[in-house]
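Notebook open, coffee ready. Today I'm looking up how the strands are laid out and what sits around the ligand.

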Amino acid sequence: MIWPPEIGPPTGCGFRTEKGVRSPQTKTLDDSDFAFQRSIEPEVLAHLAQFDFLAEHKNVIFLGPPGTGKTHLSIALGVAAARKGHRVAFASASERVTRLAEAKRFGRLTDELSRLSRIPLLIVDKVGYIPFDPEAASLIFSLVSSRYERSSLIVNSNQTFSAWIEIFGDAVAVAALVDRLVHHAEIITLKGDSYRLKGKKNAGIISMPAD
Ligand code: ADP
Ligand code: MG
């Protein structure tokens, strides 16, 4: 991969990561197999990759079962955004919560949120894998409301919004969170089998429903 100078030194992921936040693997839109993932039109991704949504401070939400390409597509969009010179940060929800909790412990939560608000695209992966305790839920809420109509989020979840009530443990807070998150958002629901299991069903390792 050729690194445009404006992106800065290669980090292994095509966009700037912060200290302590693991670089995701590089995935690009060109690597994406649209014959596999038919629940998203290539045109929709191509349109997202023009990044009007960043200028408009809108969000993108990828929902769908494991292996359907949420992380892949969000990284591919992040790489494309970075190549266009936008700053991008990627972290799983739990990594992000850990960093916010640390900032809060040192009385720096507002500073950390304003630092993040200067990054136009923040990717939050894996919402819903682990339930949040009340402090984590409140930190995610602070993050989403601090970015509302100011800067963009890509949020990936393997759970539907209604299941978020259990993850966040508070129906009222989830309603307020989802309200802000989806008010200006493209919600992309991915369907189908896991890409990770592709080829394995023929090998008889796993039984899957017929296509
Ligand atoms: P999820 O985050 O939804 O659980 P991933 O994005 O991690 O799924 O995808 C699982 C694996 O399948 C990854 O190695 C990813 O690169 C690959 N993959 C998923 N979707 C596609 C796709 N449309 N084209 C090519 N590879 C894909
Ligand atoms: Mg994933």
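**Entry 1: a strand pair.** I started with strand 1, residues 59–63, and found that strand 1 pairs with strand 5 in the parallel sense, over 5 bridges. Which residue of strand 5 stands opposite Asn 59? I looked across and landed on Ala 185. Note to self: this is a predicted model.

**Entry 2: the whole sheet.** Next I zoomed out from that pair. I get 5 strands in an open sheet, and reading across, the order is 2-3-4-1-5. The pairing is parallel. Which strands are at the edges? I noted strand 2 (88–92) and strand 5 (185–189), since each of them pairs on one side only. I also looked up the twist: ignoring direction, neighbouring strands of this sheet are turned by 10° against each other on average.

**Entry 3: a helix on the sheet.** Then I checked helix 8, residues 171–183, which packs on the sheet. What does helix 8 touch there? My list reads strand 1, strand 4 (152–157) and strand 5. I wrote down the angle too: the direction of helix 8 makes about 100° with that of strand 5.

**Entry 4: around the ligand.** On to ligand 1, where I find 16 residues surrounding it. The closest are Asp 33, Gly 67, Lys 70, Thr 71 and His 72. Sorting the shell by kind, I get 4 nonpolar, 7 polar and 5 charged residues.

**Entry 5: contacts with oxygen.** I looked up some distances to oxygen atoms of ligand 1. Gly 67 puts a backbone N or O atom 2.7 Å from one. For Gly 69, again with a backbone N or O atom, I have 3.0 Å. Thr 71 uses an N or O atom of its side chain, at 2.7 Å. How much of ligand 1 does the protein cover? I jotted down 88% of the 550 Å² of accessible area that ligand 1 has on its own.

Note on methods:
Residues are numbered from 1 along each chain as its sequence is written. Chains are lettered from A and ligands numbered from 1 in the order in which they are written. This is a predicted model: local features need pLDDT of at least 70, side-chain atom pairs count only at pLDDT 80 or more; totals for chains, interfaces and linings use all residues. Side-chain values use heavy atoms; hydrogens and water are left out. Two strands pair if DSSP finds at least two bridges between them. Helices (H or I, at least four residues) and strands (E, at least two) are DSSP runs, numbered from the N terminus. Axes are lines fitted to C-alpha atoms, for helices over the stretch in contact, and angles run from 0 to 180 degrees between N-to-C directions. Contact means heavy atoms within 4.5 Å. A residue is near a molecule or strand if one of its heavy atoms lies within 4 Å of it. A polar contact is a pair of N or O atoms within 3.5 Å; within protein, one must be able to donate a hydrogen and the other to accept it, and residues adjacent in sequence count only if both atoms are side-chain atoms. Accessible areas come from the Shrake-Rupley method with a 1.4 Å probe; for residues, only the protein chains shown count as cover. Ala, Val, Leu, Ile, Met, Phe, Trp, Tyr, Cys and Pro count as nonpolar, Asp, Glu, Lys and Arg as charged, and the others, Gly among them, as polar.
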